[in-house]
Amino acid sequence: MATTAQLFEEPFDADEYIERLAWRTPGGGSKGGAEAFDPKRLCDEFKCHIEELKQLDEKIQRKVEKLEHQCHREAKEFAHKVQDLQRSNQVAFQHFQELDEHISYVATKVCHLGDQLEGVNTPRQRAVEAQRLMTYFNEFLDGELRSDVFNNPEKIKEAADIIQKLHLIAQELPFDRFADVKAKIASKYHDLERQLIQEFTAAQRRGEIGRMREVAAVLLHFKGYAHCVDVYIKQCQEAHVRGKLDETRHSDVEQYLKNLYDLYIRTTALATKLGEYNLGSDKHTFLSKLIKSIFSSYLESYIDMEREYLRTRGAMILQRYYDSKNHQKRSLGSGSIQELKERIRQRTNLSLGPSIDTHGETFLSPELVVNLLQETRHAFERCHRLSDPSDLPKNAFSIFLLLVEHLCVEHIDYALEIGLAAIPSSDAKNANLYFLDVVQQANSIFHLFDKQFNDQLMPLISSSPKLAECLHKKKEVIEQMEVKLDTGIDRTLNCMVGQMKHILTTEQRKTDFRPEDENNVMIQYTTACSKVCAYVSRQVDHVRKSMDGKNVDTVLTELGIRFHRLIHEHLQQFSYSSMGGMLAICDVAEYRRCAKDFKVPLVLQLFDTLHALCNLLVVAPDNLKQVCSGEHLTNLDRNLLHAFVQLRVDYRSARLARHFS
């Protein structure tokens, strides 16, 4: 194969190159088998190819030498060119320095000449200006303004410049000789100032920013420049305020109140920032009056719209909640027979027919409460910023009354009325007692109400006579709810005791305490005791979940006392054998264990005493007197001790009456 430089381009593999050369040589490869292999021919081919490679190497070497020689020659030529350029650059730099020195010299001469010209021209200009002002001053002195600059409205800018300078000059003149001309100049000064402000206002209404800038630049040297700023701010605010408020004032009261509050806050913040600039000595008073003039028509009717909005919004929130419960709100204050029965049932334990079935619904909604409190919180915030300081306590109190009406009367009080009407009579069987759930939610809601009272309302009325009215109203609301809560809790406790009594009546048998086989009693306590204790434990847990603070101990104390009275009276209905007395002691021990869950010392003490009384049912007759003088019984009425001893079946046979004679 022909030997060329292209065969050795990267990547080059020598082994592959030799294999390819052998394969192309006839008799040099594996083609045709071992018989076709001709080593001599292959060797000749390799020698011939080596010669070709040597010739190729010599050819390439000559070419490399030629290129290296050419490269050296071009490098020398380039170096000569660079040296020539450096010499040319050095010459140019020297010329530049000479030119710079010449320019500096000329500039110095020009500046000196300019200073000389200015020294000559400035006095001349001042003289010309003084002559011009004297000409205009003479016109005021003669009382006739003949110059076109004072009579042509299009030259108001030039007239303003002239009158401003004349006004400054007039102030330096003696009053007795130039009083008349000073008054004329001052009158023209104020007239031009008024025209410029009117022109600025008109340009602002037309939206001509360029014209506003020109007029403001002229007014900058007048005393009324601050008034120009005032007009600009007022125009901007009035246009913005009216645009956002008038469109929602009658169509969307909620959005109107939000916009009014937002705009007022932003405007007062803007006034605070403007107060940092030099707007005159009474800038704060002026800015306050400006804000009042912008919002006065809206602030006058603010509280009426706020009250009407809260009244409508609160009624809507309440109605939406009752509609979601498919509940038609009852008019509990009317005089129907059914409602009269419910009110009598609330205050007594008389059974006047079936109670209202609420199916466990408390008719108290945390979501509704949050919505009402949120609306009221926003109203208090708006009232704080939008009310006049003298009207703030009165306005805040009126908002508070609406909150009391919607939250306390229409919602909490109504739920308490429904809850009271839903409490079953004390002799109802398997009654579901939901009033404690009402109590729990009412307490939680009132805590939120109290927090808003302290956080939102108190800062607004704390230093006014309205504070006493608010506190009195709050106290009145609390007392009304506490009466209903106490009534409901009392009737609920009666229902609990009635349920215990029903369990004891149906489950306790007379033979429990006078078993037929005294030697074969295998139970630890009676079935009635077991069911009563289970019921009481559930109710104790219910009370703990529904109450908080000292109310838990108060309610559990009352429940424990009634529980003890019921068991005490229940035990006195039976007569007891020796083994029956032991079983009664076991029952009371179980009742006492249940009473420990109350965590009320008085209740536990009562059951300790009852347990000691039950010991009188089993003690040996000879030891009866000693037991009666024991720690728990020594302070009890002897008639009570005697009554318990009379319950023993051996009272007559053992002549136990003699111990109490």
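Q: Which side chain meets that of Lys 329 in a salt bridge?
A: In this predicted model, a salt bridge requires a side-chain nitrogen of Lys or Arg within 4 Å of a carboxyl oxygen of Asp or Glu. The N to O distance for Lys 329 and its partner is 2.7 Å. The side chain that meets Lys 329 is that of Glu 410.

Q: How many residues apart are Lys 329 and Glu 410, and where do they lie?
A: Lys 329 is found in the loop between α10 (302–324) and α11 (337–347). Glu 410 belongs to helix α13 (residues 392–422). The pair therefore links distant parts of the chain, which are 81 residues apart.

Q: Is Glu 410 buried, partly exposed or exposed?
A: Buried means under 20% relative accessible area and exposed means over 50%, with partly exposed in between. The relative accessible area of Glu 410 is 28%. Glu 410 is therefore partly exposed.

Q: Which helices hold Lys 474 and Asp 450?
A: Lys 474 forms a salt bridge with Asp 450, and their closest N and O atoms are 2.2 Å apart. The two residues are 24 residues apart in sequence, so the salt bridge ties together separate parts. Lys 474 lies in helix α15 (residues 466–507), and Asp 450 lies in helix α14 (residues 435–461).

Q: Is Lys 474 buried or exposed?
A: A residue counts as buried under 20% relative accessible area. Lys 474 has a relative accessible area of 13%. Because this value satisfies the cut-off, Lys 474 is buried.

Q: How many residues apart are Asp 455 and Lys 451?
A: Asp 455 forms a salt bridge with Lys 451, with the closest N and O atoms 2.7 Å apart. Both residues lie in helix α14. Their separation is about one turn of the helix, namely four residues.

Q: What is the orientation of α18 relative to α19?
A: Helix α18 (residues 578–596) and helix α19 (residues 601–614) pack with their axes 9 Å apart, at an angle of about 175 degrees. Angles over 145 degrees count as roughly antiparallel. The orientation of α18 to α19 is therefore roughly antiparallel.

Q: Which residues make the nonpolar surface patch of about 290 Å²?
A: One member of the patch, Val 110, has its place in helix α2 (residues 39–142). Val 110 is exposed, because its relative accessible area is 52% and the cut-off for exposed is over 50%. The residues that make the patch are Tyr 105, Val 106 and Val 110.

How values were computed: Residues numbered from 1 in each chain as written. Predicted model: local features only at pLDDT ≥ 70, side-chain atom pairs only at ≥ 80, totals over all residues. Heavy atoms only, no water. Patch = residues over 30% accessible without salt bridge, like charges linked within 9 Å, V, L, I, M, F, W, Y side chains within 5 Å. Areas by Shrake-Rupley, 256 points an atom, 1.4 Å probe, with all protein chains shown as cover. Buried < 20%, exposed > 50% of the residue type's maximum accessible area, 1.4 Å probe, protein only. Axes fitted to C-alpha atoms, helices over the stretch in contact; angles between N-to-C directions. Parallel < 35°, antiparallel > 145°, perpendicular 65-115°, else oblique.
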